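Work through these exercises with the model open. Each task is followed by a stepwise solution.

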Amino acid sequence: MLRVQGLKAWYGEAQVLFGVDLEVKEGEAVTLVGRNGAGKTTTLKSIIGLHRSVQGQIQLNGHDLSPLPPHLRARLGLGWVPEDRGIYASLSVEENLILPPVVGPEPWSLERIYSLFPRLKERRRHPGSKLSGGEQQMLAIARVLRMGASILLLDEPTEGLAPLLVQQIGTLLSEVKAHGISVLLVEQNLRFASQVADRHYLLSQGQVVEVLDNSQIALKERELL
Ligand code: ATP
């Protein structure tokens, strides 16, 4: 469904991606791993349309995303879960879920959201400011599903979360995947990466240098830290 070919990117004069190729199939979860500065975030931002100084092909279900601004990419099903989670602190959980407009092709009903996220149902009247970090992450993911995304893009969703919450987010993303939603995530925590994803693209100096399965990624831990 998502296919990136020959992606190059620049910050000013400095080229930082040198022809990234990757693919995420329907219902598949894939990670981008690599050392700091390898180009993971830039790859994600280029796909979303937040970084525009790029060349190469970015296709979603056969549509060419390259000329489109982020909101039109969202209409085709790209669901960006922002790093700061973008929760409105003064609004309730339910308001956070229902206020953003449905834009994508596969919007979830509130009932479906609450059946997958019972914790959010329990807390639906609580203000965003009262949620734990893990609950905020859940809400950010749930909101993107509600808006109709068919593929979720996340940049280090476990950053700053305690191990138990990391585990919960992992379980949740596996369930999201089981619902046929694709997932592309940047991840430093390789144990988490192998829990959630099927394949891993190892980036180094702006290129994909290896595609790893779960047994191979465990061997890379020392190399990547
Ligand atoms: P990290 O985990 O540290 O975020 P990353 O793999 O996500 O690493 P990127 O953030 O994509 O890497 O950075 C790729 C390269 O682009 C790095 O050399 C970085 O210094 C450079 N870079 C990133 N953002 C900018 C920017 N706003 N201006 C100039 N250079 C940048």
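**Exercise 1.** Which residue in E4 does Ala 9 stand opposite?

*Solution.* Start with the ground rules. This is a predicted model, where local features need pLDDT of at least 70, side-chain atom pairs count only at pLDDT 80 or more, and totals for chains, interfaces and linings use all residues. Residues are numbered from 1 along each chain as its sequence is written, and side-chain values use heavy atoms, with hydrogens and water left out.

Step 1. Find the strands, which are DSSP runs of E with at least two residues, numbered from the N terminus. Strand E4 spans residues 54-60.
Step 2. Check the pairing, which takes at least two DSSP bridges between two strands. E1 and E4 are antiparallel, with 6 bridges.
Step 3. Read off the partner: Val 54 stands opposite Ala 9.

**Exercise 2.** Identify the bridge partner of Ala 9 in E2, then describe the turn between E1 and E2.

*Solution.*
Step 1. Strand E1 (residues 2-11) runs antiparallel to strand E2 (residues 14-24), and 8 bridges join them.
Step 2. Leu 17 is the partner of Ala 9 in E2.
Step 3. The two strands make a hairpin with 2 residues between them. Gly 12, in the turn, has a positive phi of about 60 degrees.

**Exercise 3.** Is Thr 42 buried or exposed? List its contacts too.

*Solution.*
Step 1. Locate Thr 42: it is in helix H1. A helix here is a DSSP run of H or I with at least four residues.
Step 2. Thr 42 has a relative accessible area of 8%, so it is buried (under 20%, with a 1.4 Å probe and protein chains only).
Step 3. Take contacts as heavy atoms within 4.5 Å. Beyond neighbours within four places in sequence, Thr 42 touches Ala 9, Tyr 11, Val 16, Leu 17 and His 51.
Step 4. Its side chain also makes a polar contact with the side chain of Tyr 11, at 2.9 Å. Such a contact is a pair of N or O atoms within 3.5 Å; within protein, one must be able to donate a hydrogen and the other to accept it, and residues adjacent in sequence count only if both atoms are side-chain atoms.

**Exercise 4.** Which side-chain polar atoms lie by the ligand's oxygen and nitrogen atoms?

*Solution.*
Step 1. A polar side-chain atom of Lys 40 is 2.8 Å from a ligand oxygen.
Step 2. For Gln 188, a side-chain N or O atom is 3.4 Å from a ligand oxygen.
Step 3. For Tyr 11, a side-chain N or O atom is 3.5 Å from a ligand nitrogen.

Note on methods. Buried < 20%, exposed > 50% of the residue type's maximum accessible area, 1.4 Å probe, protein only.
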